[in-house]
Structures are given as structure tokens and as C-alpha cells.
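Me: I have a model open here and would like to talk it through. Could you go over it with me, one topic at a time?

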Amino acid sequence: MGAFTRFSEGKEEEKLEHIFTLLEACKKGELLIVIDNMNEFPKNSKEYKRLLALDASMIITTRLTNLPGVEEYELNAPSDEAKMLIFRDKYIYF
């Protein structure tokens, strides 16, 4: 809900319902949902099931595995050479 700052007033259930109404109104192929650092799986969460039912692409960063309804892609740490290039490109200015 942090992305929906304009919904700071009211009951949580009403805010969630309004947010899902907006998400469900998006056209096919126009919705990307990013959930960063999901540390726990929302067991029996109707909201999670509702998110999966949306006609959307979803990216979840997590250390959890075997999440129902999610296709997993493992990302390994970059090589030492890649780390040096990232540092150079991000922090060294000429």
C-alpha cells in the first residue's frame, strides 16, 4: 500500500477495495506490479490470490521459494568483474 499514498485516509478494507478497483480497471498488458523484498508469504491471503488473478505482470523480489502461482527465476550475485563495472559506472565520474 506504500505506493498508493493518496489513500492515506479511511479504513484499510475500504482503501484496499478502492486500490483493487483501480488495478482491475487497467487494460490487458498495461499493468506491472512490483513487490520488493517480500519476506513472508501471506498464507490464505485473499488479497494475494486477488493479485495473482489480475491480468498483470508481476515481479516479486524475495528469498522465499515455491510461492504458489509464481514462476521463479534465480538471480546470482554479479561476478567480481561485474561488481567493479557497476561501481565504476555508478560512482566514478570523469
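Me: How much of the protein is buried?
Reply: Buried residues, meaning those under 20% relative accessible area (over 50% is exposed and in between is partly exposed, with a 1.4 Å probe and protein chains only), make up 15% of the 94 residues in the protein. This is a predicted model, in which local features need pLDDT of at least 70 and side-chain atom pairs count only at pLDDT 80 or more, while totals for chains, interfaces and linings use all residues. Residues are numbered from 1 along each chain as its sequence is written, and side-chain values use heavy atoms, with hydrogens and water left out.

Me: And which elements does the chain run through, in what order?
Reply: The secondary structure comes to 3 helices and 2 strands, and from the N terminus on the order is α-β-α-β-α. Helices (H or I, at least four residues) and strands (E, at least two) are DSSP runs, numbered from the N terminus.

Me: Switching to salt bridges, how many are there?
Reply: The count comes to 5 salt bridges, where a salt bridge is a side-chain nitrogen of Lys or Arg within 4 Å of a carboxyl oxygen of Asp or Glu. As background, side chains of opposite charge can pair when their charged atoms come close.

Me: What does Arg50 pair with?
Reply: The side chain of Arg50 meets that of Glu24 in a salt bridge, at 3.2 Å from N to O. Arg50 lies in helix α2 and Glu24 in helix α1 (residues 12–24), so the pair ties together parts that are 26 residues apart in sequence. Arg50 is partly exposed at 26% relative accessibility, and Glu24 is also partly exposed, with a relative accessible area of 43%.

Me: Which residues are in the network with those two?
Reply: Glu17, Glu24 and Arg50 are linked in a network of salt bridges.

Me: What about Asp80, where is its partner?
Reply: Asp80 and Lys83 form a salt bridge at 3.7 Å, N to O, and, being 3 residues apart in helix α3 (residues 80–91), they are separated by about one helical turn. Asp80 is exposed, with a relative accessible area of 60%, whereas Lys83 counts as partly exposed at 40%.

Me: And Asp89, which residue does that one bridge to?
Reply: Asp89 forms a salt bridge with Arg88, with the closest N and O atoms 2.8 Å apart. Asp89 is exposed at 54% relative accessible area, and Arg88 is partly exposed at 38%.

Me: OK, pockets now. What volume does the largest one have?
Reply: The largest pocket has a volume of about 750 Å³. Of the 22 residues that line it, the closest to its centre are Ile60, Thr62, Glu71, Glu72 and Tyr73. On a 1 Å grid over the protein atoms alone, where a 1.4 Å probe fits, a pocket is an open set of points with protein on both sides within 12 Å along at least five of seven lines, and lining residues have an atom within 4 Å of a point; the volume is the space filled by probe spheres set on the points, which are joined across faces, edges and corners.

Me: Which element gives the most to that lining?
Reply: Strand β2 gives the most to the lining of the largest pocket, with 4 residues, and α2 (46–53) and β2 (57–60) each supply at least two.
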